[in-house]
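I opened this model to look up its helices, its salt bridges and a few backbone angles. My notes follow in the order I made them.

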Amino acid sequence: MKEEQVILVNQDNEQIGTMPKMEAHEKAVLHRAFSVFILNDNGDIMLQQRAASKYHSPLLWTNTCCSHQRVGESNIEAGKRRLQEEMGFQAELKELFSFIYKAPFDNGLTEHEYDHVMLGSFNSEPNINPDEVEAWKWMSPEAVKEDISKNPNDYTAWFKIIFDKFYEHLFNTPA
């Protein structure tokens with residue numbers, strides 16, 4: 001199987017090339033990514049626990065899904081594709097905001113991403129892909145915030161960064 005390519009970008013999110021995903025994470029090169037948050041009608045967030053077989057951050061809790069856009073794919077198209085691949089359902093998504101972050105891992109890899117954060121709604125049980133997802137659960141944003149402060153090592157590095165921005169967006173943005 002050919003290794004997935006990521007889209008390299010500059011600080012203005014302008015595409016400057018592509019690179020194999022692993023190489024981009026080894027070299028900490030800035031690349032385009034997305035993070036999807038799914039809320040139910042109660043305002044709870046669907047979290048996923050990454051599969052034990054993942055090459056980084058296995059068994060850690062994170063947002064509903066995240067990945068990298070493919071060349072020629074919009075952020076929304078990428079989010080919908082990955083939501084189906086990982087969680088086994090479809091939802092309408094809207095982009096909330098984007099930002100750059102850098103998160104090194106213990107294994108020498110680094111996520112350096114221009115991340116597009118998206119929001120969708122779903123009120124049923126996902127049909128998770130066991131190659132990607134170990135487990136899932138609903139949690140209120142307040143409970144997530146509290147649990148991250150009590151158990152930070154249970155969560156992915158990027159989720160802790162993104163969640164603060166997402167929480168602020170949820171509760172400090174005019175409707």
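These entries go through the helices, then the charged pairs, then the loop residues.

**Entry 1: what I am looking at.** I am working from a predicted model.

**Entry 2: helix α2.** I started with α2, which covers residues 75–87. I checked its length: at 1.5 Å a residue, its 13 residues should span 18 Å, and the end C-alpha atoms lie 17 Å apart, which agrees. Next I listed its buried residues, and these are Asn75, Ala78, Gly79, Arg81, Arg82, Leu83, Glu86 and Met87. I noted that charged side chains are on that list, including Arg81, Arg82 and Glu86. What do the buried residues of α2 pack against? I found strands β3 (31–39), β4 (45–50), β6 (65–67), β7 (93–104), β8 (110–121) and β9 (133–139). After the helix comes Gly88, and I read a positive phi there, near 75 degrees.

**Entry 3: helix α4.** I ran the same length check on α4, residues 157–172. Its 16 residues should span 22 Å at 1.5 Å a residue; I get 23 Å between the end C-alpha atoms, which agrees. The buried residues here are Trp158, Phe159, Ile162, Phe163, Phe166 and Tyr167. The spacing in that list made me recall a general point: an α-helix has 3.6 residues a turn, so residues three or four places apart point the same way.

**Entry 4: α3 against α4.** I then looked at how α4 meets α3 (residues 141–150). Their axes come within 11 Å and cross at roughly 145 degrees. The crossing of α3 and α4 is left-handed. From α3, the contact uses Pro141, Glu142, Val144, Lys145 and Ile148. From α4, the contact uses Phe159, Lys160, Phe163, Asp164, Tyr167, Leu170 and Phe171. I sorted the contact residues by type and got eight nonpolar, no polar and four charged.

**Entry 5: Phe171.** I took one residue of that contact by itself, Phe171 of α4. Phe171 counts as partly exposed, because its relative accessibility is 43%. Leaving out residues up to four places away in sequence, Phe171 touches Pro141 and Glu142. I also checked its distance to Glu132: the two are 39 residues apart in sequence, and their C-alpha atoms are 30 Å apart in space.

**Entry 6: salt bridges.** How many salt bridges are there? I count ten. I wrote down three pairs in detail.

- Glu23 and Lys27 pair with their closest N and O atoms 2.6 Å apart. Both lie in helix α1 (residues 21–27), and they are four residues apart, so about one helical turn separates them. Glu23 is partly exposed at 26% relative accessibility, while Lys27 is exposed at 53%.
- Glu73 and Arg81 pair at 2.8 Å between the closest N and O atoms. Glu73 counts as buried because its relative accessibility is 18%, and Arg81 counts as buried at 14%.
- Lys80 and Glu92 pair at 3.3 Å between the closest N and O atoms. Lys80 is in α2 and Glu92 is in the loop between α2 and β7, so this pair ties together parts that are twelve residues apart in sequence. Lys80 is partly exposed at 31% relative accessibility, and Glu92 is exposed at 62%.

I then looked for linked pairs. Lys54, Glu73, Arg81, Arg82, Glu85, Glu86 and Glu132 are linked in a network of salt bridges. Three members of that network, Arg81, Arg82 and Glu86, had already come up among the buried residues of α2.

**Entry 7: positive phi outside glycine.** Most residues other than glycine have a negative phi, and most peptide bonds are trans. I therefore wrote down the two exceptions below.

- Ser57 has a positive phi, near 55 degrees. Ser57 sits in the loop between β4 and β5 (61–62). With a relative accessibility of 10%, Ser57 counts as buried.
- Leu59 is not a glycine, yet its phi is positive, about 65 degrees. Leu59 lies in the loop between β4 and β5. With a relative accessibility of 40%, Leu59 counts as partly exposed.

Methods:
Residues are numbered from 1 along each chain as its sequence is written. This is a predicted model: local features need pLDDT of at least 70, side-chain atom pairs count only at pLDDT 80 or more; totals for chains, interfaces and linings use all residues. Side-chain values use heavy atoms; hydrogens and water are left out. Helices (H or I, at least four residues) and strands (E, at least two) are DSSP runs, numbered from the N terminus. The expected span of a helix is 1.5 Å times one less than its number of residues. Buried means under 20% relative accessible area, exposed over 50%, partly exposed in between (1.4 Å probe, protein chains only). Contact means heavy atoms within 4.5 Å. Axes are lines fitted to C-alpha atoms, for helices over the stretch in contact, and angles run from 0 to 180 degrees between N-to-C directions. A crossing is left-handed if the near helix is turned anticlockwise from the far one by less than a right angle, and right-handed if clockwise. A salt bridge is a side-chain nitrogen of Lys or Arg within 4 Å of a carboxyl oxygen of Asp or Glu.
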